[in-house]
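Q: I have a fold open on my screen and would like to learn how to read its features. Could you walk me through some of them?

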Amino acid sequence: LKEEFGSDYVSLFCNGFSGDINHFDYCNKEGHNLIKTPMIAETITKQWLEAIKKAEKLEDTISFKVDFATVDKRKVSKEFVDSVKELVKNPPTSGDLNISDPYSDRQKYAASKVILQWYDQDKRTEIDIPVQVLKIGDCLIYALVGEQYSKFAYKIRNASPTEKNLMVSLVPW
């Protein structure tokens, strides 16, 4: 982008909603080949250059609102929670963490404190999720905690009062 717009160009990179660009090539029939970072950067840059052609100057009116959405808490089986409790008693001693298998013993052990607090001690069946919205002119920037998937972004866009929407995930609360 600095090559395109000059060395003074500054960009702000935020985590968008997930699911459209991935570091695994799931279309490769011979296995999930890892896609290299430069290829991902090239894809994002290409999309950005297309989007910037449509850019419009925004009005300078700014407002901010925080509200809460009540959602059902994700359910996990009693067997899963029991397996985490067993791991805490007898932790795995070796091996690599494997992000492609979130249910491996090493992954469950690494997350055991949070898993047990969330799914064993906390008995709520619904939770309130903060939704932060920044409005600049007629552009809405939605900021949500946690990792949101792109299908959820479509729901927000479809209900939005404007065509100009940006989605940011993994935002601290």
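Q: Let's start with the strands. In strand 6, which residue is the bridge partner of C139?
A: It's K164 that pairs with C139 there. Keep in mind that this is a predicted model. The bridge belongs to a longer pairing: strand 5 (residues 139-144) and strand 6 (residues 164-168) run parallel over five bridges.

Q: What does strand 5 pair with besides strand 6, and in which sense, parallel or antiparallel?
A: Strand 5 also pairs with strand 4, in the antiparallel sense, over six bridges. To follow the register, take the partners one by one: I136 is matched with C139 in strand 5, and K135 is matched with L140.

Q: What should I look at in the turn between strand 4 and strand 5?
A: Check the backbone angles. That hairpin has two residues between its strands, and G137 has a positive phi near 60 degrees.

Q: Which strand pairs with strand 4 over eleven bridges?
A: That's strand 3 (residues 62-72), and the sense is antiparallel. A handy place to start tracing is I62, which sits opposite I136 in strand 4. I136 is also the one bridged to C139 in strand 5, and C139 in turn has K164 as its partner in strand 6. You can step through those residues on screen.

Q: How do I read the two sides of a strand, and which residues of strand 5 point which way?
A: Look at where the side chains go. C139, I141 and A143 point one way from strand 5, while L140, Y142 and L144 point the other way.

Q: Is strand 5 mostly covered or mostly open?
A: Mostly covered: six of its six residues are buried. For the protein as a whole, 23% of the 173 residues count as buried.

Q: Is Q132 buried or exposed, and why?
A: Buried, because its relative accessible area is 11%, and the cut-off for buried is under 20%. Q132 belongs to strand 4 (residues 126-136). Setting aside neighbours within four places in sequence, Q132 touches F64, K65 and V66, then I141, Y142 and A143, and finally V171, P172 and W173.

Q: Where is S160, and what does it contact?
A: S160 lies in the loop between helix 6 (150-159) and strand 6. Beyond neighbours within four places in sequence, its contacts are L140, Y142 and N165. The C-alpha atoms of S160 and L140 are 8.5 Å apart, with the two positions 20 residues apart along the chain. S160 counts as buried because its relative accessibility is 13%.

Q: What about the segment after strand 6: is S169 buried or exposed there?
A: S169, which is in that segment, counts as buried because its relative accessibility is 2%. Leaving out neighbours within four places in sequence, S169 is in contact with N15, G16, F17, L144, G146, E147 and Q148.

Q: What is there to notice about the phi of L170?
A: Here's the general idea: most residues other than glycine have a negative phi. L170 is not a glycine, yet its phi is positive, about 60 degrees. L170 is also in the segment after strand 6, and it counts as partly exposed because its relative accessible area is 47%.

Q: How does one look for pockets, and what is the volume of the second largest pocket?
A: Rolling a probe the size of a water molecule over the atoms shows where empty space is left. In this model the second largest pocket has a volume of about 250 Å³. It is lined by 15 residues, and K73, R74, K75, V76 and Y119 are the closest to its centre. Two elements give two or more residues to that lining: helix 3 (78-89) and helix 5 (112-121). Helix 3 gives the most, with four residues.

Q: How does the lining of the second largest pocket split by class?
A: There are ten charged residues, three nonpolar and two polar.

Q: To zoom out, how many helices and strands are there, and in what order do the elements run?
A: The protein has six helices and six strands. From the N terminus, the order is α-β-β-α-β-α-α-α-β-β-α-β. Among contacts between residues at least 6 apart in sequence, 63% join residues at least 24 apart. As for the surface, the accessible area comes to about 13,500 Å², and 55% of it belongs to carbon and sulfur atoms.

Methods
Residues numbered from 1 in each chain as written. Predicted model: local features only at pLDDT ≥ 70, side-chain atom pairs only at ≥ 80, totals over all residues. Heavy atoms only, no water. 1 Å grid on protein atoms, 1.4 Å probe; cavity = no way out; pocket = protein on both sides within 12 Å on 5 of 7 lines; lining within 4 Å. Points joined across faces, edges and corners; volume = space filled by probe spheres on them. Nonpolar A, V, L, I, M, F, W, Y, C, P; charged D, E, K, R; others polar. Buried < 20%, exposed > 50% of the residue type's maximum accessible area, 1.4 Å probe, protein only. Contact = heavy atoms within 4.5 Å. Pairing = 2+ DSSP bridges. Areas by Shrake-Rupley, 256 points an atom, 1.4 Å probe, with all protein chains shown as cover.
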